[in-house]
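Reader: I should be grateful for a close look at one part of this protein chain, set against the chain as a whole. Please describe how two of its helices pack.

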Amino acid sequence: MGTVELTKENFAEVASTNDTVLVDFWASWCGPCRTFGPIFEQAALNHPDLVFGKIDTEAQQELAGSFGIQSIPTLMILRQQVIVFSQPGALPGEALEDLISQAVGLDMEEVHREIASGQHDHGDHEHHHDHGAHDHGAHHHDHGDHDHGAHHHDHGDHEHHHDHGAQDHDHDDHEHHHDH
């Protein structure tokens, strides 16, 4: 059936009466939105059983704001009124098709269970990097192995003693007494 214009007046109704709703947040002045528009329209034709809604962020600032939309285009997918995907950027057609199949294939019972138990957060995806496992001790260079003692030059072996005593001039020998 193509795309539907979503507004704050009809959004709740559309989201609550349809299992899967894809939303394209766009604006007329946004170049990438114009690129993504036809791709979104084509996907709507490919999946007539799903709802493809478009939200004009200029006309629906309040609605866009309620979803915390920072940049457009942003694609959002809702399953049973749960946001299962939200990401800015104009997706190519194949990527959009891939996303749709993933969203439709989600086990929503499991998602709802996670939400109910409060686990539906990014805590599940935390990456702990334990740097202790990478013991940098193996890379220590013990400079003691390279004993620089072999290169020591004992300057005592070739000291130059200049005895200046032999060249001393006794100025008394040629003092000039001028007896006035």
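Author: The account below begins with the chain, turns to the helix pair, and ends with a single strand residue. The model is a predicted one.

The secondary structure of the protein chain consists of 5 helices and 5 strands, arranged from the N terminus in the order β-α-β-α-β-α-β-β-α-α. Of its 180 residues, 28% are buried. Among contacts with a separation of 6 or more, 70% join residues that are 24 or more positions apart. The accessible surface is about 13,100 Å², and carbon and sulfur atoms contribute 51% of that area.

As to the helix pair, two packed helices are described by the angle between their axes and the distance between the axes. Here the pair is helix 2, residues 31-46, and helix 4, residues 93-104; their axes come within 10 Å and cross at roughly 45 degrees. The two helices are therefore oblique to each other, and the crossing of helix 2 past helix 4 is right-handed. On the side of helix 2, the contact is formed by F36, I39, F40, A43 and N46, and these meet G93, L96, E97 and I100 of helix 4.

One residue outside this pair also merits attention: T74, which lies in strand 4, residues 74-79. T74 counts as buried because its relative accessibility is 4%, and the cut-off for buried is under 20%. A polar atom of the T74 side chain lies 2.5 Å from the backbone oxygen of S71. Beyond its neighbours within four places in sequence, T74 is in contact with V23, D24, F25, I69, S86, Q87 and P88.

Conventions. Residues are numbered from 1 along each chain as its sequence is written. This is a predicted model: local features need pLDDT of at least 70, side-chain atom pairs count only at pLDDT 80 or more; totals for chains, interfaces and linings use all residues. Side-chain values use heavy atoms; hydrogens and water are left out. Helices (H or I, at least four residues) and strands (E, at least two) are DSSP runs, numbered from the N terminus. Buried means under 20% relative accessible area, exposed over 50%, partly exposed in between (1.4 Å probe, protein chains only). A polar contact is a pair of N or O atoms within 3.5 Å; within protein, one must be able to donate a hydrogen and the other to accept it, and residues adjacent in sequence count only if both atoms are side-chain atoms. Contact means heavy atoms within 4.5 Å. Accessible areas come from the Shrake-Rupley method with a 1.4 Å probe; for residues, only the protein chains shown count as cover. Axes are lines fitted to C-alpha atoms, for helices over the stretch in contact, and angles run from 0 to 180 degrees between N-to-C directions. Angles under 35 degrees count as roughly parallel, over 145 as roughly antiparallel, 65 to 115 as roughly perpendicular and the rest as oblique. A crossing is left-handed if the near helix is turned anticlockwise from the far one by less than a right angle, and right-handed if clockwise.
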